[in-house]
Amino acid sequence: MRRIHEPARELAVAGEFDVVVVGGGPAGITAAIASARNEAKTLLIEKLGFLGGTATASLMNNINGFRNQVKPDATQTVKGIAQEIILALKETGGLGKSPYKQEEHATVKDDLSYSYCIDPEKFKFVVLEMAMESGVEVLFHTYFSAPVMAGNAIEGVIVENKSGRSAILGKIVVDATGDGDVAARAGAPFWEAKHEDKKLVDGLMYKISGLKDAPFESCRYGDSSVVWGPAMVWGHNDAWEISHSEVATRLEVYDHFKSLLGANPALAAAGAYVGETPAMLGIRQTRFIEGVYKLTADDAITGRRFDDAVAISSAPIIHYYGYRRFLEHEGYFIPYRCLVPKKVENLLVSGRCISSEQQPYESHRSMAPIMAIGQAAGTAAALCARDGVAPRDLDVKLLRETMEAQGQVVELPR
Ligand SMILES: Cc1cc2nc3c(=O)[nH]c(=O)nc-3n(C[C@H](O)[C@H](O)[C@H](O)COP(=O)(O)OP(=O)(O)OC[C@H]3O[C@@H](n4cnc5c(N)ncnc54)[C@H](O)[C@@H]3O)c2cc1C
């Protein structure tokens with residue numbers, strides 16, 4: 001391959017923070033809010049011009065996993081900031097109808113159903129408002145490029161945006177890019193599932209509008225509904241592959257819609273049309289960052305207890321044991337150590353790329369547990385920054401007590 005030399009240059013330091021969160025998806029939003037509420041000076045960096053990640057930019061509008069989908073479903077296993085978001089959406093008329101089979105709960109504090117369909121525009125508004133009220137500084141249209149390293153410790157990030165290239169320093173950095181971009185470039189080991197590992201497939205969601213009263217069982221809000229559109233055509237291993245794949249997948253949307261109209265004459269009669277295609281393809285899984293502990297399938301299926309549990313997932317494992325392996329207990333525990341990467345100091349990982357085997361990932365990738373994981377990462381980051389301790393040395397008892405005092409569930413009755 002032909003190569004060119006990029007000259008070294010000095011960069012301006014555009015800001016110094018206690019905690020820098022990279023990625024404004026469900027995990028990054030809750031990490032940043034938790035960090036700021038715990039009095040850390042917090043920056044949230046996002047490559048797009050709005051928050052929500054897959055929930056908004058990929059139109060994945062079903063937030064699942066506040067409790068087990070089937071019995072035993074007596075316990076709400078995710079509360080905290082994720083619950084606040086659902087209640088704020090309810091308040092602003094931002095909840096629709098989830099297509100998932102579930103027992104309907106009251107949607108009041110401590111009594112949420114398994115799944116909620118969200119209006120993505122209301123979601124963008126509600127989470128941005130919550131971030132502002134918590135004191136988070138947001139930097140939109142900014143792409144993480146490289147870590148700033150001192151030996152094996154991360155000291156900040158180098159970003160690119162309209163102002164050019166600059167450095168932003170943070171005592172603790174939280175990688176909430178979903179893909180583990182920060183951790184991987186900082187030198188943390190990672191693994192990726194192969195197609196033969198039954199990796200979850202990617203796809204392009206899209207919105208159908210103009211439904212009026214047409215019956216249509218999908219994620220529904222107002223006269224619109226989001227549907228699972230064409231599956232992603234190729235892979236996503238490098239930027240060229242993603243782009244080629246995106247071109248091919250986007251070109252299939254109207255054929256997909258035509259088949260849908262053929263199968264649902266009521267949609268055609270109502271005058272339904274493609275209301276929106278998303279900013280981003282829906283990419284389900286890429287890297288898993290190796291942490292101090294890797295969550296196993298056995299941990300999830302048996303509901304193994306951990307002294308450092310910081311989040312609980314009760315969502316089904318999507319397809320590993322046939323379609324939807326429902327848990328036979330209230331939920332399994334996610335240890336803090338899954339958020340602490342090997343080899344890199346002052347870094348925490350949040351969201352879908354935490355240290356996990358494929359099977360538990362297929363449960364806790366649901367956005368309710370993902371937001372609980374985000375809250376754990378942000379709270380931990382703030383405590384580390386405040387007390388000057390490395391994430392791997394954090395007092396997990398203090399972390400769990402702080403999270404419980406702030407309304408999150410980290411333990412279940414025995
Ligand atoms: C097709 C599909 C269907 C799904 N179905 C459901 C479902 O029904 N229910 C459910 O609960 N969950 C579902 N999920 C899973 C869920 O959406 C994800 O697991 C969840 O969104 C992961 O959250 P995250 O914050 O870790 O990552 P993401 O949502 O991927 O957010 C990452 C954020 O980081 C930003 N970012 C990435 N790289 C950079 C960078 N270099 N610089 C700056 N910013 C960056 C992105 O723009 C994005 O905002 C589905 C996912 C897909 C793709």
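1. A helix axis here is a line fitted to the C-alpha atoms over the stretch in contact, and angles run from 0 to 180 degrees between N-to-C directions. With that in hand, take helix α3 (residues 80-91) and α11: their axes come within 7 Å and cross at roughly 125 degrees. Angles from 65 to 115 degrees would be roughly perpendicular and those over 145 roughly antiparallel, so this pair counts as oblique. On the α3 side the contact uses Gly-80, Ile-81 and Ala-82, and on the α11 side Ala-368, Met-371, Ala-372 and Gln-375. Bear in mind throughout that this is a predicted model.

2. What else packs on α11? One partner is α1, with the two axes 7 Å apart at an angle of about 35 degrees. The crossing of α1 over α11 is right-handed. Residues of α1 in this contact include Pro-26, Gly-28, Ala-31 and Ser-35, and they face an α11 set that includes Met-367, Gly-374, Gly-378 and Ala-382.

3. Then there is helix α12 (residues 396-405), whose axis comes within 10 Å of the α11 axis, at a crossing angle of roughly 120 degrees. That puts α11 oblique to α12. The handedness of this crossing is right-handed too. From α11, Gln-375, Ala-376, Thr-379, Ala-380 and Leu-383 take part, meeting Leu-398, Leu-399, Thr-402 and Met-403 of α12. Gln-375 is worth a click in the viewer: it appears in the α12 contact, in the α3 contact and in the α1 contact.

4. On to the core. The largest nonpolar core has 106 residues, and the members touching the most others are Val-21, Val-174, Leu-339, Ala-380 and Ala-381. Which helix gives the most to this core? That would be α11 (residues 367-387), with 14 residues. Both domain 1 and domain 2 put at least three residues into the core.

5. Val-174 gives a handy view of that core. Ignoring neighbours within four places in sequence, Val-174 is in contact with Val-19, Val-21, Val-22, Ala-31, Leu-348, Ser-350, Ala-377, Gly-378 and Ala-381. Of these, Ala-31 belongs to the α1 side of the α1/α11 contact, while Ala-377, Gly-378 and Ala-381 belong to the α11 side.

6. Domains: the chain is assigned as domain 1 (13-193 + 286-405) and domain 2 (201-276). Their C-alpha centres are 27 Å apart, and the contact between them takes 12 residues from domain 1 and 10 from domain 2.

7. Have a look at Gly-24, in the loop between β1 (13-22) and α1 (26-37). Is this glycine buried or exposed? Gly-24 is buried, because 30 C-beta neighbours sit inside 10 Å and the cut-off is 20 or more. Its C-alpha is 6.7 Å from that of Leu-44, 20 residues along the chain. Beyond its sequence neighbours within four places, Gly-24 contacts Ile-29, Leu-44, Glu-46, Leu-51 and Gly-53.

8. Finally, some backbone geometry to check. Most residues other than glycine have a negative phi, and most peptide bonds are trans. Against that, Glu-39 has a positive phi of about 70 degrees and sits in the loop between α1 and β2 (42-45). Leu-59 has a positive phi of about 55 degrees, in the loop between α2 (54-57) and β3. Their surroundings differ: Glu-39 is partly exposed, with 13 other C-beta atoms within 10 Å, whereas Leu-59 is buried, with 25. The bond joining Lys-71 and Pro-72 is a cis peptide, omega about 5 degrees, and Pro-72 lies in the loop between β3 (62-64) and α3.

Methods
Residues are numbered from 1 along each chain as its sequence is written. This is a predicted model: local features need pLDDT of at least 70, side-chain atom pairs count only at pLDDT 80 or more; totals for chains, interfaces and linings use all residues. A nonpolar core is a set of buried Ala, Val, Leu, Ile, Met, Phe, Trp, Tyr and Cys residues joined through C-beta atoms within 7 Å. A residue is buried if 20 or more other C-beta atoms lie within 10 Å of its own, exposed if 12 or fewer, and partly exposed in between; C-beta atoms are placed from the backbone. Helices (H or I, at least four residues) and strands (E, at least two) are DSSP runs, numbered from the N terminus. Domain bounds come from an automatic or database domain assignment. Two residues are in contact if their C-beta atoms, placed from the backbone, lie within 7 Å. Angles under 35 degrees count as roughly parallel, over 145 as roughly antiparallel, 65 to 115 as roughly perpendicular and the rest as oblique. A crossing is left-handed if the near helix is turned anticlockwise from the far one by less than a right angle, and right-handed if clockwise.
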